[in-house]
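This report introduces a protein chain to a reader who has not met it before. The sequence and structure are shown first, and the description follows.

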Amino acid sequence: MKPYKGGVRHDYKDLVFASSAPRRERHWSLFALGIALPIAFVTPLTIGRWGDDAYSTAHDPHLADIVVNVSRRLADVPSALSAPLADSAELLPLPENPAARFAEARALVADATAPMLELVVKPGDTLERLFRRHGLSLTDLASIAKLKDVAEHIKLLRPGDTIRVAHRDGQVLSLLREIDRFRMLAIQRVESGFDAKTIDLPIEIKERVAHGEIRSSLFEAATAAGMSDALTMSMAGIFRWDIDFIQDVRAGDSFTVIYEEHYRDGVKLGDGEIVAAEFVNRGTVYRAARYTDESGRSDYFTPDGRSVRKAFLRAPVDFTRISSNFDLKRRHPVLNTIRAHRGVDYAAPTGTPVRAAGDGKITFRGKNGGYGNVVMIEHGGNITTVYAHLSRFSQHKVGSRVKQGDVIGYVGATGLATGPHLHYEYRVNGVHQNPRTVPLPPADPVPPSALADFKARTEPLWERLDRVQSERFASAAAAN
Ligand SMILES: [Zn+2]
């Protein structure tokens, strides 16, 4: 048995599938490198005897004990590719130029003459620790933390954040904390104690078009097109349901991205959302545009209004390799009996987040024999998904409605499991299907009532993508 173990592998060339064609290796390794470095996705990889490596999962009594030869390996799927679509600033780097905003916000709170401390958050810092370090009043902090809607914004500090405090002899006069790129929390001393308000930070949005053609790797082409790695990941995230960016990307593929850039006072704060994008993969054109419905939910849709997403994630965990495949006729190498394995085992480090594969309701959460800690989710269409051997659960309880991508638990080795892994099942009408190959239903399209609005809003975007295409052909023709 070789449970997940080992350090970071630096020889990225070795990340390829044993079975991959040689020409794939370059894409794959560069892609892995491109992701692993910039976003510091350093999930350690198991080192060693892959070809004959056996992963024993003596678990799930009714599923039998299994020792499986891993004949090929699936290396890390970048977390951002298996996470839900970026709907927030999660993938975006922190804004680079907060100074101007603080100056603006400061003008809005009283007593601009008092000395203002800049508290820069270090890893492990809490506001209390920062207050102590700078001799600021903890009584004031306690009153501030009690203000309505304030605690949530001062509880979690990100390393590198700056909090500005104007004070007189340690007595807080005002406190400024950037909530995100768009909002500043401003706390001010008033006669009765403190007063909090949220200041909207003005932002200029510019649209930019980036176009690239792939020669050696997606990241190289995207960088040449002026795209950040985070933006490249977001683009890959949009098309990941149709394109396997690890295996399928080829030299000659091309992409066009229309995206927003955020500026303040002429200074770029960072990238915003992708408005529309196109990826041409081996001659097939994929297009998607962002559309926000009446309820404020944004998603990406094809020109005819279909969702680019599926209703289920193919793999509900950022796995390091597939340790045991779905197999109804697997011969146990030791017992020499044929026992079914009705799910897929994803080896991953203990504590790796496990995500709801699709929208649904949690119907079971707790211990269940060999499954250990298990979560079951019921989805529409009589589909049930099962997540076993969890080390612990998230806050979602039985009866909770969860959205695709919500974290429902964490990888572990509870129950009859000899190494940390997720055992994942996909059942339709109670019948186990192979989660890796079962056809996944599409996510909801643009509702019929919104289709006219969708078409009107996206038409100019498709036209812009058309223009980039024709310009490209024109310049290619001129070059020949
Ligand atoms: Zn299993």
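## Two asparagines in loops

N429 lies in the loop that links β24 (421-428) to β25 (431-433). Its phi is positive, about 50°, although N429 is not a glycine. Most residues other than glycine have a negative phi. The model in which this angle occurs is a predicted one. Is N429 buried or exposed? N429 is exposed, because 9 other C-beta atoms lie within 10 Å, and a residue with 12 or fewer counts as exposed.

N382 belongs to the loop between β19 (373-378) and β20 (383-390). This residue, also other than glycine, has a positive phi near 55°. N382 is exposed, with 11 other C-beta atoms within 10 Å.

## The chain as a whole

The chain contains nine helices and 25 strands. Of its 480 residues, 39% are buried. Among the contacts with a separation of 6 or more, 67% are between residues 24 or more positions apart.

## The sheet from β3 to β7

One open sheet is built from five strands in the order β3-β4-β5-β6-β7, with antiparallel pairing. Its edge strands are β3 (116-120) and β7 (193-200), each of which pairs on one side only. On average, neighbouring strands of this sheet are turned by 20° against each other, direction ignored.

Within the sheet, β5 (residues 171-178) and β6 (residues 183-190) run antiparallel and are joined by five bridges. L175 has I187 in β6 as its bridge partner.

## The sheet from β8 to β12

Another open sheet of five strands follows the order β8-β9-β10-β11-β12, and here too the pairing is antiparallel. β8 (204-213) and β12 are at the edges; each has a single partner strand, so one side of each lacks a neighbour in the sheet. The average turn between neighbouring strands of this sheet is 25°, direction ignored.

β9 and β10 run antiparallel and are connected by ten bridges. F255 stands opposite F279, which is in β10.

Two helices are associated with these strands. α8 lies across β9, β10, β11 and β12, and runs at about 35° to β10. α9 packs on the sheet and touches β8, β9, β10, β11 and β12, while its direction makes about 145° with that of β11.

## The nonpolar cores

The largest nonpolar core comprises 36 residues, and M235, V257, A277 and A288 have the most contacts inside it. At least two residues of this core come from each of α7 (218-224), α8 (229-239), β9 (254-264), β10 (267-281), β11 (284-292), β12 (298-301) and α9 (451-479). Which element supplies the largest share of this core? That element is α8, with six residues.

V257 shows how parts of the chain meet: leaving aside residues up to four places away in sequence, V257 touches A210, M227, M235, I274 and A277. A second core, separate and made of 28 residues, includes V317, V375, V402 and Y424.

## The covered helix α8

α8 is mostly covered, with nine of its eleven residues buried. These buried residues are L231, T232, M233, S234, M235, A236, G237, I238 and F239. One of them, M235, is also among the residues with the most contacts inside the largest nonpolar core.

Note on methods:
Residues numbered from 1 in each chain as written. Predicted model: local features only at pLDDT ≥ 70, side-chain atom pairs only at ≥ 80, totals over all residues. Core = buried A, V, L, I, M, F, W, Y, C linked by C-beta atoms within 7 Å. Buried ≥ 20, exposed ≤ 12 C-beta atoms within 10 Å, placed from the backbone. Helix = DSSP H or I, 4+ residues; strand = E, 2+ residues; numbered from the N terminus. Contact = placed C-beta atoms within 7 Å. Pairing = 2+ DSSP bridges. Axes fitted to C-alpha atoms, helices over the stretch in contact; angles between N-to-C directions.
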